[in-house]
Amino acid sequence: MANSGFQLLGYFLALGGWIGIISTTVLPQWKQSSYAGDAIIMAVGLYEGLWMSCASQSTGQVQCKIFDSLLSLDVHIQTCRALMVISVLMGFIAIIVSVVGMKCTKVGDNNPSTKSKIAISGGSLFLLSGLCTLVAVSWYATQVSYHFFDPNTPINARYEFGPALFVGWAAAILMMLGGSFLCCSCVNEERRGQQFYRQSQPSTAREYV
């Protein structure tokens, strides 16, 4: 029973992480204009994400422009796009696979060993999904930091970390934590099953003598 609760905890943590990854992917606030140092505080705040750039005015009006050309984008933006899309797809597959493999569900094969292996596969997919998000968000943050501290970058053209990066880091941690819980609970269950099988073998043999 405790093992099922552990699996459910891991599943819902990973599910929350997956929702966070989707939010991170679509949010335009991956980086935002900086007002540090001698930067002039403007009435317009600039934001940029993987798919569009936005300008927020002091009146509350927001105007966004989707990136027209894929090939004209920087390499790190193209790579982060690919990693985030892969992460979302892997997370979706992991959600379905984990439901089939969890002990508390009656979907698919009812063999405990088979369900345990399926759940481990789902947990591994959650781990890979979280890792893809972590790499994408961290790489993007590295590029923002590099240009911020680059002396050749004009002060008024510098950007800082946007809220989407922090959402991405939190989502990646939740996803990897949930996947780890799923994998660990199933591995422990398999070990207990093997020990029980080994202990039951001699008694079974004596019954036939």
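In this predicted model, strands β2 and β3 form a hairpin, with 3 residues between them. Strand β2 covers residues 44-48 and β3 covers residues 52-57; the two run antiparallel and are joined by 5 bridges. Within this pairing, Gly-45 stands opposite Ser-56 of β3. Another residue of the hairpin, Tyr-47, stands opposite Cys-54 in β3.

Tyr-47 also leads to the strand on the other side of β2. Strand β1, residues 31-33, pairs with β2 in the antiparallel sense over 2 bridges. Here Gln-32 has Tyr-47 of β2 as its bridge partner. Tyr-47 can thus be read against two strands: Gln-32 is its bridge partner in one pairing, and Cys-54 of β3 stands opposite it in the other.

From β3 the path continues to strand β4, residues 62-66. These two strands run antiparallel and are joined by 5 bridges. Ser-53 stands opposite Lys-65 in β4. The strands β3 and β4 form a hairpin with 4 residues between them, and in this hairpin Gly-60 takes a positive phi near 100°.

The pairing of β3 with β4 is accompanied by a covalent link. Cys-54 and Cys-64 form a disulfide, with their sulfur atoms 2.0 Å apart. Because a disulfide is counted when two cysteine sulfur atoms lie within 2.5 Å, this pair meets the criterion with its separation of 2.0 Å. Cys-54 lies in strand β3 and Cys-64 in strand β4, so the bond ties together parts that are 10 residues apart in sequence. The torsion about the S-S bond of Cys-54 and Cys-64 is about 105°, and the disulfide is therefore right-handed. A search of the whole structure finds 1 disulfide.

How do the two partners stand with respect to solvent accessibility, buried or partly exposed? Cys-54 has a relative accessibility of 7% and therefore counts as buried. Cys-64, at 46%, counts as partly exposed. The buried class is defined as under 20% relative accessible area, and the partly exposed class lies between that limit and 50%.

Other cysteines can be examined in the same terms. Cys-80 has a relative accessible area of 0% and is buried. Cys-183 is likewise buried, with a relative accessible area of 13%. Why does Cys-183 form no bond with the closest cysteine sulfur? That sulfur belongs to Cys-184 and is 6.8 Å from the sulfur of Cys-183, which is too far for a bond.

Attention may now turn to the open space in the model. Rolling a probe the size of a water molecule over the atoms shows where empty space is left. The largest pocket has a volume of about 210 Å³. It is lined by 16 residues, of which Lys-31, Glu-48, Asp-74, His-76 and His-147 are the closest to its centre. Two elements give two or more residues to the lining, namely α2 (75-101) and α3 (112-149). The largest share, 5 residues, comes from α3. By residue character, the lining divides into 8 nonpolar, 4 polar and 4 charged residues.

Among the residues closest to the centre of the pocket, His-76 can be followed further. His-76 lies in helix α2. With a relative accessibility of 11%, His-76 counts as buried. When its neighbours within four places in sequence are left aside, His-76 is in contact with Trp-139, Tyr-140 and Gln-143.

The connection between the two helices of the pocket lining offers a further point of reference. Asn-111 lies in the loop between α2 and α3. Its relative accessible area is 37%, and Asn-111 is therefore partly exposed. Asn-111 and Gly-101 are separated by 10 residues in sequence, and their C-alpha atoms are 9.8 Å apart in space.

The final element to consider is helix α4, residues 163-208, in which Ile-173 has its place. Ile-173 has a relative accessibility of 55% and therefore counts as exposed. Ile-173 and Ala-14 are 159 residues apart in sequence, whereas their C-alpha atoms are 8.9 Å apart in space.

Note on methods: Residues are numbered from 1 along each chain as its sequence is written. This is a predicted model: local features need pLDDT of at least 70, side-chain atom pairs count only at pLDDT 80 or more; totals for chains, interfaces and linings use all residues. Side-chain values use heavy atoms; hydrogens and water are left out. On a 1 Å grid over the protein atoms alone, a cavity is a set of points where a 1.4 Å probe fits but cannot get out, and a pocket is an open set with protein on both sides within 12 Å along at least five of seven lines; lining residues have an atom within 4 Å of a point. Grid points are joined across faces, edges and corners, and a volume is the space filled by probe spheres set on the points. Ala, Val, Leu, Ile, Met, Phe, Trp, Tyr, Cys and Pro count as nonpolar, Asp, Glu, Lys and Arg as charged, and the others, Gly among them, as polar. Two strands pair if DSSP finds at least two bridges between them. Buried means under 20% relative accessible area, exposed over 50%, partly exposed in between (1.4 Å probe, protein chains only). Contact means heavy atoms within 4.5 Å.
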